[in-house]
Amino acid sequence: MSDTSPDGWEDLPELRTAPMLGHDGIDQDHARVAAAIDRLLSAASRSEFSRRTNDLIEIWRDHCAYEEALMQESGYPDFEAHRKEHRALSNELAMFLLTSGRDGLNDRRVLFRYLWGWFEMHSDGQDSQLAAFLNRETR
Ligand SMILES: [Fe+2]
Ligand SMILES: [Fe+2]
């Protein structure tokens, strides 16, 4: 297994970039999450995989805290629902990576589909509503 082309890496669908929501701070943060997902997917060893798993969880949690601060500052009406989804997603991510994600090095397709589905579901839903609200507020 080499650093540049771990097993199964060649078979992955094209790497994605985070959807742009039109709010600079959120978009920059999402690019960080997306980069952490890509780094995890290209982990070339178990130790790298486990380190990058922790990095992704940490970056995700920081990102949730950032959005939650934005929501509180702006009086966002769906704050509780959004925060609840952040918590559920954080728990789900940690569980996935600790259990089925253990085999991530063996089945990158599963990992790829799961992580991008997990991230895009929230970006396209709660986050795009939040970005639209914040953009209205600053206009
Ligand atoms: Fe969010
Ligand atoms: Fe987000």
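**Close-up views of a predicted model**

**View 1. Gln 129 is partly exposed, with 16 other C-beta atoms within 10 Å.** A residue counts as buried at 20 or more such neighbours and as exposed at 12 or fewer, so Gln 129 falls in between. Keep in mind that this is a predicted model. Gln 129 belongs to helix α4, which covers residues 108-138. Look also for Asp 78: the C-alpha atoms of Gln 129 and Asp 78 are 9.2 Å apart in space, although 51 residues separate the two in sequence.

**View 2. Helices α2 and α3 run roughly antiparallel to each other.** Here α2 (residues 46-74) packs against α3 (residues 79-98) at an angle of about 175 degrees, and the two axes are 10 Å apart. On the α2 side, the contact is made by Thr 53, Ile 57, Trp 60, Arg 61, Cys 64, Glu 68, Met 71 and Gln 72. From α3 come Phe 79, His 82, Arg 83, His 86, Ser 90, Leu 93, Ala 94 and Leu 97. Sorted by character, the residues of this contact are eight nonpolar, five polar and three charged.

**View 3. Helix α1 has its buried residues on the same side.** These are Ile 26, Asp 29, His 30, Ala 34, Ala 36, Ile 37, Leu 40 and Leu 41. Around the axis of α1 they cover an arc of only 155 degrees, which is why they share a side. Turned away from that buried side is a face with the exposed residues Asp 24, Gly 25 and Gln 28.

**View 4. The length of α1 agrees with its residue count.** With 18 residues (24-41) at 1.5 Å a residue, α1 should span 26 Å, and its end C-alpha atoms are indeed 26 Å apart.

How values were computed. Residues are numbered from 1 along each chain as its sequence is written. Chains are lettered from A and ligands numbered from 1 in the order in which they are written. This is a predicted model: local features need pLDDT of at least 70, side-chain atom pairs count only at pLDDT 80 or more; totals for chains, interfaces and linings use all residues. Axes are lines fitted to C-alpha atoms, for helices over the stretch in contact, and angles run from 0 to 180 degrees between N-to-C directions. Helices (H or I, at least four residues) and strands (E, at least two) are DSSP runs, numbered from the N terminus. Angles under 35 degrees count as roughly parallel, over 145 as roughly antiparallel, 65 to 115 as roughly perpendicular and the rest as oblique. Two residues are in contact if their C-beta atoms, placed from the backbone, lie within 7 Å. Ala, Val, Leu, Ile, Met, Phe, Trp, Tyr, Cys and Pro count as nonpolar, Asp, Glu, Lys and Arg as charged, and the others, Gly among them, as polar. The expected span of a helix is 1.5 Å times one less than its number of residues. The arc is that of the directions from the helix axis to the C-beta atoms.
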